[in-house]
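Got your viewer open and your selection tool handy? Load the model and follow along.

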Amino acid sequence: MAFTIAIDGPAAAGKGTISRAVADHFGFAHLDTGLLYRAVGARTLDGTDPIAAARALVAADLDAGALRGQAVADAASKVAVIADVRAALVDFQRAFALRSGGAVVDGRDIGTVICPEAEAKLFITASPEVRAERRHAELLERGQGATLDAVLAEIHARDERDMSRAEAPLRPAPDAVMIDTSAMSIAEAVAAATEAVEQRMRARGYPLPSGQQDGNQ
Ligand code: CDP
């Protein structure tokens, strides 16, 4: 039985952590679609044409470890404005979303363009300052130095590019549940997301993980 959970939102709002935790909770597969754009962006850094790179992309290119840096993130948001790049990546994302057993798909346009029929949609936000602090801490942990000001400037630039592009701009689907994680711990944000998904599952008669069928409604 397919059940798609679409999770969208801007950089460093907590989407990735929440998506992995929600997928674990329900035993669903998880696709971080940012990795597709990052993989294409990374190829353009060595001069490859972005549309050719998107058309040639294979699952083995989605190596999260190698694609995490700021330069790749920036290249990703530049190739993500190109309509033919986005079009080349649609089928893979839709096939993943509709797999039986359930899927969590996170990105920028999942609830609006890739899976407008998703059974549950979440839009995860946080203030730019909080997001910059989180991303800065993450980079330091990985030994990648950058000042907080530089990270905040990069977040603003990427938000602007992601929200103002003509093709699949970042915006919540009309029926998305909004979760602002600015003042939430990871556990609180995951609990809010899980609860929102369970409400959709109950409403659609989808079987909840064992023991939760009669939970608070
Ligand atoms: O992890 P972070 O939120 O910083 O970025 P990401 O999710 O890996 O996405 C990197 C870039 O890819 C974004 O800034 C978007 O421009 C683009 N992207 C997109 O356009 N559509 C998606 N579904 C996912 C990512």
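The tour goes from the ligand to a helix beside it in the list, then to a glutamate and two loops. Before you start: this is a predicted model, where local features need pLDDT of at least 70, side-chain atom pairs count only at pLDDT 80 or more, and totals for chains, interfaces and linings use all residues. Residues are numbered from 1 along each chain as its sequence is written, and side-chain values use heavy atoms, with hydrogens and water left out.

**Stop 1: the ligand.** Select the ligand and show what surrounds it. Of the 19 residues around it (a heavy atom within 4 Å), Arg38, Arg86, Arg135, Arg158 and Asp162 come nearest. Now draw some distances to ligand oxygen atoms. A polar side-chain atom of Arg86 lies 2.8 Å from one, with Lys15 at 3.4 Å and Arg68 at 3.5 Å. The protein covers 97% of the 530 Å² of accessible area that the ligand has on its own (Shrake-Rupley method, 1.4 Å probe).

Next, colour by helix (DSSP runs of H or I, at least four residues, numbered from the N terminus; strands are E runs of at least two). Helix 2, helix 4 and helix 8 each supply at least two residues of the shell around the ligand, and helix 2 gives the most, with three.

**Stop 2: helix 4.** Select residues 70–79. Is this helix largely enclosed or open? Seven of its ten residues are buried (under 20% relative accessible area, 1.4 Å probe, protein chains only), so the rest of the structure largely encloses it. Those residues are Gln70, Val72, Ala73, Ala75, Ala76, Ser77 and Val79. To see what covers them, switch on helix 2 (34–45), helix 3 (50–55), helix 5 (83–97), helix 7 (128–141) and helix 8 (148–164), which are among the covering elements.

**Stop 3: Glu154.** Stay with helix 8 and pick Glu154. Glu154 is buried, at 13% relative accessible area. Leaving out residues up to four places away in sequence, Glu154 touches Gln70, Ala73 and Asp74 (heavy atoms within 4.5 Å). Its side chain also makes a polar contact with the side chain of Gln70 at 3.4 Å (N or O atoms within 3.5 Å, one able to donate a hydrogen and the other to accept it; residues adjacent in sequence count only if both atoms are side-chain atoms).

**Stop 4: two loop alanines.** Most residues other than glycine have a negative phi. Select Ala12, in the loop between strand 1 (4–8) and helix 1 (15–26): its phi is positive, about 60°, and it counts as buried at 12%. Finish on Ala168, in the loop between helix 8 and strand 5 (177–180). Phi of Ala168 is near 45°, and this residue is buried too, with a relative accessible area of 11%.

Note on methods. Buried means under 20% relative accessible area, exposed over 50%, partly exposed in between (1.4 Å probe, protein chains only).
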